Every structure is written in C-alpha cells, then in structure tokens.
Amino acid sequence: MPLHPSLLTPSLALYALTVALSTLVSAILYRRIWLRLRSDGVTPTGFGLLLAPVMFCAALISGASSALIAALAIICMVTLIFWIDDLVHVSALLRLLVSFLAGLGIGLVYGFEQAWGWPVLVAFVLAAGVVSVVLTNMVNFCDGADLNLASFIALTGAMILLFTPPDRDWVPIAVGALAFTLPFALMNSRPRTLYLGDSGSFAFAGLLTAMAVAFVQNFENIAP
C-alpha cells in the first residue's frame with residue numbers, strides 16, 4: 001500500500017528537514033566531544049540517545065494516539081538509562097530488567113485501552129515485557145558494525161511508509177526515524193567513527209515492541 005499523500009504535511013516535512021540537519025551537526029559534535037573527553041580509544045557510541053526524542057516529537061507534532069505518545073515517553077526515559085550503559089557499562093542483568101520493565105510499561109499503556117479481564121491483561125503485559133527483552137538483544141547484535149543498525153532502522157522505516165495502512169500514528173514516526181538515521185549513516189559508513197550504542201539499540205527495539213503490541217491490540221493498526 002503506497003504512502004498516503006495527505007500524511008506528508010508541511011509541518012512534518014519541515015520537522016524531517018530540521019531533524020536531518022540537526023542530526024548531522026550533532027553527530028559531528030558528539031564525536032568530537034567524546035574523543036576530547038576520553039582517551040581510551042573506544043569508538044564514540046551512544047549517539048542513539050537522540051533517536052527516542054526524535055520519534056517522540058514526531059508523535060506529538062502529528063497528533064498521534066495517547067497510547068503511542070505514552071509508549072514513546074517510556075522509551076525516551078529508558079533510552080537514557082541505556083545511554084549511561086554506553087558510558088560506564090552497567091550489568092547485563094540490570095539491562096535485561098530495564099528492558100523487561102519498559103516492555104511492561106508499553107504493554108500497559110496499550111492494554112488499558114481494551115476491555116480485557118485481568119488475566120488477559122496480565123498475560124498481555126508480561127508478553128510485552130518478554131518481547132522487549134528479545135528485541136532489545138536482537139537489535140543490539142546489529143550495533144557496533146558499520147551501517148548494520150542504520151540499515152535495519154532505515155529499511156523498517158521504509159516498509160512502514162510503503163505497507164502500513166495510512167493513519168496518524170506510524171508514518172510520522174517512520175519519517176522522523178529516517179530523517180535521523182540517514183544523516184547518521186553518513187558518519188557510520190566510515191569505519192569506527194560513531195555508533196548508536198545500547199541506547200540507540202533500545203530506542204529502536206522499543207519502537208518495534210510498541211509496533212508489535214499495537215498490532216496484537218488491534219490488527220488494523222499496522223501491516224504484519
């Protein structure tokens with residue numbers, strides 16, 4: 001299904017252009033600041049911290065559903081925790097716990113919209129937590145290799161634009177993610193220049209979790 005033209009509003013187009021230019025400048029500054037403050041030879045990472053607020057703002061600008069806005073707010077907060085891991089490395093158990101709790105939160109904001117009984121709601125929320133853990137670790141394997149994660153995000157964004165039924169939720173998020181990812185890819189294409197890190201991996205995995213939860217909650221929300 002092609003992208004619905006009415007969704008490409010002037011405000012969204014302006015936002016995408018602003019994000020793209022800001023991302024390119026921010027990537028250069030982030031790398032320089034990292035290299036200035038650290039002398040251990042570690043490739044600058046954690047730039048994915050900015051992906052979550054980019055998607056959150058896209059949702060606000062487009063008037064997305066309250067459930068998606070709440071889910072992206074959770075993703076923003078948890079992405080900050082994963083950025084701390086990019087800087088100082090927290091334990092693997094803590095990362096698993098945080099991603100599980102984030103999935104629980106995403107499941108709750110979508111599950112409360114349904115007239116389900118408590119057993120179904122609890123099962124739905126727990127499943128969302130497990131999905132979040134699985135996706136976070138799966139996506140994280142793509143980071144640290146040049147253009148792997150950037151390509152994953154870009155292809156996902158493109159598929160949302162091409163195949164998702166036109167609605168106010170997913171298309172603006174995809175546009176925001178693409179506007180962020182493509183300029184980042186210019187930097188990431190050079191070996192050992194800049195990585196999205198655990199924070200970027202979680203931000204994207206959080207979006208995938210929200211998409212999976214929204215699909216189960218309402219099959220018409222997004223194409224499988």
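**Entry 1. The core.** I looked first for the largest nonpolar core and found that it has 61 residues. Those with the most contacts inside this core are F47, L51, Y110, W170, I173 and F204. I then listed the elements that give two or more residues to the core: helix 1 (10–37), helix 2 (51–62), helix 3, helix 4, helix 5, helix 6 (148–163), helix 7 (170–188) and helix 8 (197–217). Helix 7 gives the most, with twelve residues. I note here that the model is a predicted one.

**Entry 2. Aromatic pairs.** I searched the whole structure for aromatic pairs and obtained six. I examined Y30 and F47, which form an edge-to-face pair, 5.6 Å centre to centre with 70° between the planes. This pair links distant parts of the chain, for Y30 is in helix 1 and F47 in the loop between helix 1 and helix 2, 17 residues apart. I checked the cover of both: Y30 is buried, with a relative accessible area of 18%, and F47 counts as buried at 1%.

I followed F47 to a further partner, F180, with which F47 forms a stacked pair, 5.5 Å centre to centre and 15° between the planes. F180 lies in helix 7 and F47 in the loop between helix 1 and helix 2, so the pair ties together parts that are 133 residues apart in sequence. F180 is buried, with a relative accessible area of 1%. I record that ring pairs link Y30, W34, F47, F180 and F184 into a cluster.

**Entry 3. Helix 8.** I compared the expected and modelled spans of helix 8. Its 21 residues, at 1.5 Å a residue, should span 30 Å, and the end C-alpha atoms are 30 Å apart, which agrees. I also checked its cover and found helix 8 mostly covered, with 18 of its 21 residues buried.

**Entry 4. The salt bridge.** I searched the whole structure for salt bridges and found one. D85 forms this bridge with R95, and the closest N and O atoms are 3.4 Å apart. The pair links distant parts of the chain, with D85 in helix 3 (residues 66–88) and R95 in helix 4 (residues 92–111), ten residues apart. I noted that D85 is buried, at a relative accessible area of 0%, whereas R95 is partly exposed, at 26%.

**Entry 5. The surface.** I turned last to a nonpolar patch on the surface, formed by L108, F112, W118, V122 and L126, with about 530 Å² of accessible area together. Helix 5 (residues 118–140) gives the most to the patch, with three residues. I looked up W118, which lies in helix 5. W118 counts as exposed because its relative accessibility is 62%, and the cut-off for exposed is over 50%.

Note on methods: Residues numbered from 1 in each chain as written. Predicted model: local features only at pLDDT ≥ 70, side-chain atom pairs only at ≥ 80, totals over all residues. Heavy atoms only, no water. Patch = residues over 30% accessible without salt bridge, like charges linked within 9 Å, V, L, I, M, F, W, Y side chains within 5 Å. Areas by Shrake-Rupley, 256 points an atom, 1.4 Å probe, with all protein chains shown as cover. Salt bridge = Lys/Arg side-chain N within 4 Å of Asp/Glu carboxyl O. Helix = DSSP H or I, 4+ residues; strand = E, 2+ residues; numbered from the N terminus. Buried < 20%, exposed > 50% of the residue type's maximum accessible area, 1.4 Å probe, protein only. Core = buried A, V, L, I, M, F, W, Y, C linked by side-chain atoms within 4.5 Å. Expected span 1.5 Å × (residues − 1). Phe/Tyr/Trp six-rings, centres within 6.5 Å; stacked < 30°, edge-to-face > 60°.
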